[in-house]
Amino acid sequence: VIVRGLLSIYEARGDYQLIVDHMEASGDGALQRQLEGLKQKLQAEGLFDPARKVPLPEHCERIGVITSPTGAAIEDIISSLHRRSPSSHIALFPVQVQGTLAAQQIADAIDQANALVETQQRALDVLIVGRGGGSLEDLWCFNEEIVARAIARATRPIVSAVGHEIDLSVSDLVADMRAA
């Protein structure tokens, strides 16, 4: 919580007293409430509905990856793809995956990838949107409404690969498939 008030000291005993006149939730508490509100809104709109999810192609030869070009996640994705599908071609769409600019960059990259497919400038079978693990704050851009709506309007199937197994983001809920 964040509190505002007055601090007083009783010098004879060395006691401190905080007289609070305002208190509000902060950190994970406030973020968690914001997250739950967005989840309810998007659920009501049908964005999490399994019926709207598109199955992945059986063979994905051309894969767009939307993530940081310098994080460990891209190395894990490349390693997994080379092991599971060595003939696949990877097109990286570099974005920030943390911070104030990240959500807009991720949404723009999804839209850009889909535009390239629609205009036949690039062939992509599937898009992977992701990053490695972290705190709720670290992963927050994947809980932003702008990213959820970009995933929902995508013309390519999207795999959300955000965080660890225990992490569940709005991106995971909207995407066609989740891969921790």
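The exercises below work through parts of a predicted model.

**Exercise 1. The sheet**

Task: Work out the order of the strands in the open sheet and find which strands lie at its edges.

Solution:
- Step 1. The open sheet has five strands, and their order is β4-β3-β5-β6-β7, with parallel pairing.
- Step 2. β4 and β7 (177-178) each pair on one side only, and these are the edge strands.
- Step 3. Two of the pairings can be followed in detail. Six bridges join β3 and β4 in the parallel sense, and Arg62 stands opposite His89 in β4.
- Step 4. β5 and β6 are also paired in the parallel sense, over five bridges. Here Gly130 stands opposite Ala161 in β6.

**Exercise 2. The faces of β6**

Task: Decide whether the two faces of β6 are covered or open.

Solution:
- Step 1. Count the buried residues of the strand: five of its five residues are buried.
- Step 2. Sort them by side. Ile158, Ser160 and Val162 lie on one side, while Val159 and Ala161 lie on the other.
- Step 3. The residues on each side are all buried, and both faces of β6 are covered.

**Exercise 3. Helix α3**

Task: Check the span of helix α3 (residues 102-118) against its number of residues, then find what its buried residues pack against.

Solution:
- Step 1. The helix has 17 residues; at 1.5 Å a residue, the expected span is 24 Å.
- Step 2. The end C-alpha atoms are 24 Å apart, so the span agrees with the expected value.
- Step 3. List buried residues of α3: among them are Ala102, Ile106, Ile110, Ala113, Asn114, Leu116 and Val117.
- Step 4. The buried residues of α3 pack against four strands and a helix named as β3 (62-67), β4 (89-94), β5 (126-131), β6 (158-162) and α4 (145-153).
- Step 5. Just after α3, the backbone at Gln120 takes a positive phi of about 60°.

**Exercise 4. A buried acid**

Task: Locate Asp167 and determine what surrounds its side chain.

Solution:
- Step 1. Asp167 is in the loop between β6 and α5 (170-174).
- Step 2. Asp167 is buried. The nearest side chain of opposite charge is that of Arg178, 6.7 Å away.
- Step 3. A salt bridge needs a side-chain nitrogen of Lys or Arg within 4 Å of a carboxyl oxygen, so Asp167 has no salt bridge.
- Step 4. The Asp167 side chain does reach the backbone nitrogen of His164, at 2.7 Å.
- Step 5. Leaving out residues up to four places away in sequence, Asp167 touches Gly133, Gly134, Leu139, Val162, Asp172 and Arg178.

Note on methods
Residues are numbered from 1 along each chain as its sequence is written. This is a predicted model: local features need pLDDT of at least 70, side-chain atom pairs count only at pLDDT 80 or more; totals for chains, interfaces and linings use all residues. Side-chain values use heavy atoms; hydrogens and water are left out. The expected span of a helix is 1.5 Å times one less than its number of residues. Buried means under 20% relative accessible area, exposed over 50%, partly exposed in between (1.4 Å probe, protein chains only). Contact means heavy atoms within 4.5 Å. Lys and Arg count as positive and Asp and Glu as negative; His and the chain ends are not counted. A polar contact is a pair of N or O atoms within 3.5 Å; within protein, one must be able to donate a hydrogen and the other to accept it, and residues adjacent in sequence count only if both atoms are side-chain atoms. Two strands pair if DSSP finds at least two bridges between them.
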